[in-house]
Amino acid sequence: MESRISSSNLYRFKDVLSLVSKKFNRKIAELLEILVTVSLTLRQIDRSKMNYRNRPLWLLVISDPATYRTTSFDFLEESRYFHKLSYITAASFLSAKKDVTPLIDIIHNKVLALPTLNEIASDKDQATRLFAALESIYDSFYSKATELSGEQKRVVDTVVVAAITPMVWEKVLLPKVIMFGSRWLVYRFFLSDDEAFSIQETLDENRDLVVQITLAASRTLDMLLETVTPEILGNVFISDKQKEDLKTMAKLVSRLRAGWERVIRWYEDESGRKHTE
């Protein structure tokens, strides 16, 4: 396969994934595919037909710092339906200022990407308020009362894809998930030091290729979100074996919620690099 993506096959997502896998890393390509797949669940909703009870998937990527998980997020940043933010709080969704377009309106019928959720999630009080707001948004309705504007209400359909480190996940969010469950689909992402170094070299040496892949992946997401319908998604076939496997995993997760604790230990290798186990 050629390293350049021509306009004739710009929307062939398999070609995009193949190129990312070849030039960067298979894991980066897999994460990109998952991001796009989760984004497409937004099309389970068709309010013109009163079809909004099946809520879309939300994705939380858990990975160590400097694992280039944001690379996959960046490949979609030119999409009209992919709204990426580096920082967010609960107050961000509905501003008290009338001349500011509310974030809740911007992300309606789009994907909200939060590739660096650590800073806000590290503050327990801020994290509690943010995730309470997100839980309300997941259920398709959001309201907020302010002294300046009174009560504001919004209907919202969105997919949220976010990333966080294992330390913050396990110390701040996991205890709540164990007790109450979660609306997030959790995906653990790991790269070795050698893989991360190789990806950085590719990013530095192939900037034109990065631009090409970003354009191709973003336009592909646009095309898919503009053509996929609830009927198409409804035709996805899941075998009886897959259904049974899903039920088995669900039972396992419910049992794990009864009690779980992990002890994290930091150590340095011979080169002085810090690791956790």
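# Exercises: one sheet and two loop residues

In this predicted model, strand E3 (residues 110-114) runs parallel to strand E6 (residues 158-164), and five bridges pair them.

**Exercise 1.** Find the bridge partner of Leu 112 in E6.

*Solution.* Start from the pair of strands E3 and E6. Leu 112 lies in the range 110-114, so look across to E6. The partner there is Val 160.

**Exercise 2.** Work out the strand order of the open sheet, then name its edge strands.

*Solution.* Step one: the sheet has five strands, in the order E2-E3-E6-E1-E7. Step two: the pairing is parallel. Strands of a sheet pair through backbone hydrogen bonds. Step three: look for strands that pair on one side only. These are strand E2 (82-84) and strand E7 (184-188). Step four: add the twist. Neighbouring strands are turned by 20° against each other on average, with direction ignored.

**Exercise 3.** Place Asn 109 and decide: buried, exposed or partly exposed?

*Solution.* First, locate the residue. Asn 109 sits in the loop between helix H4 (103-106) and E3. Next, check the backbone. Its phi is near 65°, which is positive although Asn 109 is not a glycine. Last, the accessibility. Asn 109 has 34% relative accessibility, so it counts as partly exposed.

**Exercise 4.** Do likewise for Ser 140: is this residue buried or exposed?

*Solution.* Locate Ser 140 in the loop between helix H6 (124-138) and strand E4 (141-146). Its phi is near 80°, again a positive value in a non-glycine residue. Now apply the cut-off: buried means under 20% relative accessible area. Ser 140 has 12% relative accessibility, so it counts as buried.

Terms used: Residues numbered from 1 in each chain as written. Predicted model: local features only at pLDDT ≥ 70, side-chain atom pairs only at ≥ 80, totals over all residues. Heavy atoms only, no water. Pairing = 2+ DSSP bridges. Helix = DSSP H or I, 4+ residues; strand = E, 2+ residues; numbered from the N terminus. Axes fitted to C-alpha atoms, helices over the stretch in contact; angles between N-to-C directions. Buried < 20%, exposed > 50% of the residue type's maximum accessible area, 1.4 Å probe, protein only.
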